Amino acid sequence: MTNVENWRALLGGRNTDEVVTKALVRDVQLPYGAGTMALITLDNGFDHTKPNTFGPNGLFALNGALSEIAERTDLAAVGVTGKPFIFAVGADLKGAAALSTREEALAIGALGHHVFRRLGELAIPSFAFVNGAAMGGGLEVALHCTYRTISSGVPAVALPECFLGLVPGWGGTQLLPRLIGPAKAIKLVIENPLSQNRMVKGKEAYELGVADAMFEPADFLEESLRWAARVVKGDLAVERPAHDEDWDKTVADARFLVDMKLRGASPAPYRALDLIAQARTASRDEGFAAEDEALADLLMGDELRAGLYSFDLVQRRAKRPAGAPDRSLARKVTKVGVVGAGLMASQMALLFARRLEVPVVLTDLDQARLDKGVGYVHAEVDKLLGKGRVSADQANRLKALVTGSLTKDAFADADFVIEAVFEDMAVKKQVFAEVEAVVSAECVLATNTSSLSLTEMGAGLAHPERLVGFHFFNPVAVMPLLEIIRGAVTDDATLATAFAVGKSLKKSSVLVKDAPAFVVNRLLTCFMGEVVTAVDEGTPLEVAEHALDGLGLPMSPFALLQLVGPAVGLHVAETLHEAFPDRFGVSENMAKLVAAGKPGVYRPDFTLDPEAVALFSGGTSPSTAEQVRERVLAALAREVRIMLDEGVVAAPQDIDLCMILGAGWPFHLGGITPYLDRTGIARPRFLSPGVASLPA
């Protein structure tokens, strides 16, 4: 039996649910008399909402098409493109999760290499015409081709494998660094996936050197064929710049940054770096064989299953929020009011203007604060213009949309008013009383409170049913989570409007019950409180600070405190202590830190501030790092269990979604509730057996 027959016997019937991407071949006469091109269109038979993916049968289909093409002697070139709006988005993840043995995992890697590399090893040149989203194995198809064009309208180009706990395993770690250099390759293979799975658009991919030419969407294929014809005839020579950077140093520097971010917690980025390092000297066979081994190890590892659970949350559950009312109840929003003109309020104003494209008016107590807030928005718009993110016309339009007023009368025709003032109940109640006096009866009132009770906040309103929690996370433009809080009397129309606005803002919204500190801040305060208590008891701050490094959290506890500010952290702790005095304490030493005016325990150069550290001295019962870790995780498990019993969210998956999107809980851990289940910390289990049985 040939290798292909062996692979077919091993993998062909493995995933009966595979949506097979077909390789449809048609002959195209190239312009300028350049000859005939066999043009392969990748198409799974569905529209763009179900992108092309590659399972075993899809790979066999492409292999069959390439075998027929290889036998022909009348062709000048071969081309590959995708169905409308989609090139291909990589491996079939459901099929990957179904692999049960390392032999199968090795086979899927080897099969992908065998098929894709044929594109670069035919007797005729090959061209990838990247007309739409190209991710993972889809991008690797293009990398195997001799030449590539890309549409300027492509919305997403990425190698997201490290985000899921894998590596680009069908040539990406070997071909890409040789094409664009190791630094740019590391950006796409490692840095972007570890930055909330950032993706680049067609124009940036072209500028990075991934594609040789770029054309506009309207006539992309026609222009690509003209360009290919000139290349085939020899009228156009494709020149690619040499890469003279220090390969070893580039990889070493990247390894240092990965260590800083993950502290060794996730194996995939490290394997990817090893493969990129090897690409400098390895032959194609050696490099691809190394990718096969890495892919097999990771496909059989714990991290992938956990990553796929996280991926399913952010791709599916986040788009269909549990408990959200029917969208038909949502009211139209044509103008937004923002109470306050501080940093958070100004960030919100810019986001509302950009996404909703409606007038946004800020109010504050004096003209100086107002000018500063509006000025911030204008400055940020100028930055977007400088980066090419908006055109000059768009920039002028955005600036015109955001204005300021010293009186709340400017809200009279607003449909949605949100406050972002000091976190004090009396202040917020006064604000809403003033707003309610001038707005229409249908205007939604939203609060950005991070911990206070909506029900209490709305108690003095004539219409408390239109008050809703709309809790952003900082920085507003970057953090994807929006906690939408329903008060005791919030009505469905108000809630539906909040969810519709959240979707327009491109946020992932989660419905949360009106409970102290909601989800993310409640769990982060629990987490932080246990660490601070351990330090108060005498544990050296450096020991407690790094006790949970093995999880690969985005920030250590005191670094997080530095980001949010000790005063804010203390305030939330006090709020939760008032609500749950038996579970949440208030650190006297933290109060000392706030009273001393310290921004945290670190100096600007991120070395420890001895004066701040000294404020936490005096305890006589130190813990080990392992003891700190165990007490933190046990406290989190207890609090999650209580939150579920209280009905703070609809299901454990919503807590996982909140922590992933709002607190940076690592993808590779698979959500906080399955992690606590798998490690044996949580009893009883939070999740159904199918989810909780993910590997630890």
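This is a friendly conversation about reading pockets, cavities and a few single residues in a predicted model.

Colleague: Let's start with open spaces. What is the volume of the second largest pocket, and which residues lie nearest its centre?

Modeller: Start with the volume, then look at the lining. The second largest pocket holds about 440 Å³ of space. Its lining has 23 residues, and Gly340, Asp364, Leu365, Arg369 and Val421 lie nearest the centre. Helix 15 (343–356), helix 16 (367–386) and helix 18 (425–436) are the elements that each give two or more residues to that lining.

Colleague: How many of those lining residues are nonpolar, polar and charged?

Modeller: The lining of the second largest pocket divides into 11 nonpolar, 7 polar and 5 charged residues.

Colleague: Now the closed spaces. How many cavities of 30 Å³ or more are there?

Modeller: The structure holds 2 of them. The largest cavity has a volume of about 40 Å³, and the second largest has about 30 Å³.

Colleague: Which elements supply at least two residues of the lining of the largest cavity?

Modeller: Those are helix 5 (137–144) and strand 7 (147–151). Strand 7 gives the most, with 3 residues. The residues around this cavity include Val130, Leu139, Ile150 and Val210. By class, its lining has 8 nonpolar, 1 polar and 1 charged residues.

Colleague: And what lines the second largest cavity?

Modeller: Arg263, Phe527, Glu545, Leu548, Asp549, Leu553, Met555, Ser556 and Pro557 do. Here the classes are 5 nonpolar, 1 polar and 3 charged.

Colleague: Glu545 caught my eye there. Is Glu545 buried or exposed, and what is the nearest side chain of opposite charge?

Modeller: With a charged side chain, look for an opposite charge, then for polar contacts. Glu545, in helix 22 (residues 541–545), is buried and has no salt bridge. The nearest side chain of opposite charge belongs to Arg263, 8.5 Å away. That is the Arg263 that also lines the second largest cavity. Glu545 does have polar contacts: its side chain reaches the backbone nitrogen of Phe558 at 2.7 Å, and a contact of 2.5 Å joins it to the side chain of Tyr602.

Colleague: Let's turn to the backbone. Which residues are joined by a cis peptide bond?

Modeller: For this feature, read the omega angle. Asn474 and Pro475 are joined by a cis peptide bond, with omega of about 0°. Pro475 sits in the loop between strand 15 (467–471) and strand 16 (481–486).

Colleague: What about phi? Where is Tyr32 found, and what is its phi?

Modeller: Look at the sign of phi and at the residue type. Tyr32 is not a glycine, yet its phi is positive, about 60°. Tyr32 is in the loop between strand 1 (22–30) and strand 2 (35–43). Gln196 is another non-glycine with a positive phi, about 55°, and it lies in the loop between helix 8 (182–191) and helix 9 (202–208).

Colleague: Why does Tyr32 count as partly exposed?

Modeller: Because its relative accessibility is 46%, and partly exposed runs between 20% and 50%. Gln196 also counts as partly exposed, because its relative accessibility is 46%.

Colleague: Why does Thr73 count as exposed, then?

Modeller: Thr73 has 80% relative accessibility, so it counts as exposed. Thr73 is placed in the loop between helix 2 (56–70) and strand 3 (77–82). Sequence distance is worth checking too: Thr73 and Ala123 are 50 residues apart along the chain, while their C-alpha atoms are separated by 9.4 Å.

Technical notes. Residues numbered from 1 in each chain as written. Predicted model: local features only at pLDDT ≥ 70, side-chain atom pairs only at ≥ 80, totals over all residues. Heavy atoms only, no water. 1 Å grid on protein atoms, 1.4 Å probe; cavity = no way out; pocket = protein on both sides within 12 Å on 5 of 7 lines; lining within 4 Å. Points joined across faces, edges and corners; volume = space filled by probe spheres on them. Helix = DSSP H or I, 4+ residues; strand = E, 2+ residues; numbered from the N terminus. Nonpolar A, V, L, I, M, F, W, Y, C, P; charged D, E, K, R; others polar. Buried < 20%, exposed > 50% of the residue type's maximum accessible area, 1.4 Å probe, protein only. Lys, Arg positive; Asp, Glu negative; His and termini not counted. Salt bridge = Lys/Arg side-chain N within 4 Å of Asp/Glu carboxyl O. Polar contact = N/O pair within 3.5 Å; in protein donor to acceptor, adjacent residues only side chain to side chain.
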